[in-house]
Amino acid sequence: MAHEDDPLEHERASWKPSPGLAVAVTDPVSNPGLPPHRERMTDKDPVAMRRAVRTVYTLFYLSVGASIWAIAAYFLFPIESGRIVDIRANNLFIGLGIAFALLAIGLATIHWSKAVVSDKEFIEPRHATRGRDSTRDAAIKAFSDANEESGFGRRTMIRNSMIAALVASIAPGIVLFRGLAPFDSPEHPDAGNPVALLEHTMWKKGMRLAHDPTGEPIRAADLTLGSAVHVIPEALAELSHSSGYLEEKAKAIVLLVRLLPEQIVESEDRKEWSYNGIVAYSKVCTHVGCPVALYEQQTHHLLCPCHQSQFDVTDRAKVIFGPAARALPQLPITVDDEGYLVARSDFTEPVGPSFWERH
């Protein structure tokens, strides 16, 4: 039972080379050993140790201050005006705050490890995957010794300042999420209200249907049987990208299809929503908002290419296959005095995927 008293017995056994791979050498390399230990100034001088500790937690607290500055800069240099100079100032000062906060954490951690943490050389022999219970107990003791040597549990100023710096460094990123939401303004009073933004589009009574992307109005007489046309409101072409062109187009895009009038299944309340076999449906899929742009002329089915939802154009664009939960909203249309197709009104229900305010 003598081997039971040797905790490294099984490890020494694991070091034995395979007989088929072992190579015997007559002049093996000798172990050079460790160089003489050089004491640091903080090891010899208690004043230097205290100074190093102060430096570490001061850097951590400077990191906290930089994180707070980054949050303050978000509010001190707003970007709601949209001017380049304001956006540059916002990015500059927030970026400087975050960069200095992370830099201070890095410097404090390096100085802590070099000047404060116990500086002793040691050799850790390689061992088998599963050690004996005594070895595992020794591992637990090693963690305890590491805690004692690093001073993490004992040096409360360093520990608390480090925790504060790490927590504070996350705060600027959290605050920046606030900028992802739109804000109300006198020019756009509903900009921060998602219900108002999603419930209405540019379509209104009398607005002409136009080709996407040219903005050319569409005459009913020019549509051939079986044709499918991508449509935008005529007024959309007057908007610039900075004025919300993409946002408005994303809600108002329509697919226009011409069928035989007798092929269309219409409810009583939608008798006047089509014109001479021409129907208009939202192009935004009611599943997750992909563009429903594929039209199968023989079956009169619209296909969403993202998740394969299919809609029957002849029967109020109801869902016949796929994950979409409701039919595509229909745009009521007619013609004006010049024969151009125009909208009777906006959509009577929200377009796109369902959201929390839809009933």
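Let me begin with a single torsion: the link of Cys290 and Cys306 has -110° about the S-S bond, which makes that link left-handed. The two cysteines come from distant parts of the chain, with Cys290 in the loop between strand E4 (278-282) and strand E5 (294-296), and Cys306 in the loop between strand E6 (301-303) and strand E7 (310-312), 16 residues apart. I should say at once that this is a predicted model, and that the S to S distance of 2.5 Å between Cys290 and Cys306 is a value computed from that model. A search of the whole structure finds one disulfide, and the bond joining Cys290 to Cys306 is that disulfide.

The two partners can also be described by their accessibility. Cys290 has a relative accessibility of 12% and therefore counts as buried, given that buried means under 20%. Cys306, in turn, has a relative accessible area of 37%, so it is partly exposed.

What, then, of Cys285, and which cysteine sulfur is nearest to it? Cys285 is in no disulfide, and its nearest cysteine sulfur is that of Cys304, 3.9 Å away. Looking from the other side, the closest cysteine sulfur to that of Cys304 is in Cys285, and no bond is assigned because 3.9 Å is too far; the cut-off for a disulfide is a pair of sulfur atoms within 2.5 Å. Cys285 counts as buried because its relative accessibility is 1%, and Cys304 is likewise buried because its relative accessibility is 1%.

Let me turn now to the surface. Leu62, Phe100, Leu103 and Leu107 form a nonpolar patch there, and together they have about 360 Å² of accessible area. Helix H4, which spans residues 84-116, gives the most to this patch, contributing three residues. One of the patch residues, Leu103, lies in helix H4, and because its relative accessibility is 46%, Leu103 counts as partly exposed.

Finally, the chain as a whole. The protein chain has eight helices and ten strands, and of its 359 residues, 33% are buried. If we take the contacts in the protein chain with a separation of 6 or more, residues 24 or more positions apart account for 62% of them. The protein chain exposes about 22100 Å², and carbon and sulfur atoms supply 60% of that area.

To return to where I started, the picture around the cysteines is of one disulfide in the whole structure, joining Cys290 to Cys306, while Cys285 is in no disulfide, with the sulfur of Cys304 3.9 Å away.

Terms used:
Residues are numbered from 1 along each chain as its sequence is written. This is a predicted model: local features need pLDDT of at least 70, side-chain atom pairs count only at pLDDT 80 or more; totals for chains, interfaces and linings use all residues. Side-chain values use heavy atoms; hydrogens and water are left out. Patches are made of residues with over 30% relative accessible area and no salt bridge: like charges are joined within 9 Å, nonpolar side chains (Val, Leu, Ile, Met, Phe, Trp, Tyr) within 5 Å. Accessible areas come from the Shrake-Rupley method with a 1.4 Å probe; for residues, only the protein chains shown count as cover. A salt bridge is a side-chain nitrogen of Lys or Arg within 4 Å of a carboxyl oxygen of Asp or Glu. Helices (H or I, at least four residues) and strands (E, at least two) are DSSP runs, numbered from the N terminus. Buried means under 20% relative accessible area, exposed over 50%, partly exposed in between (1.4 Å probe, protein chains only). Contact means heavy atoms within 4.5 Å.
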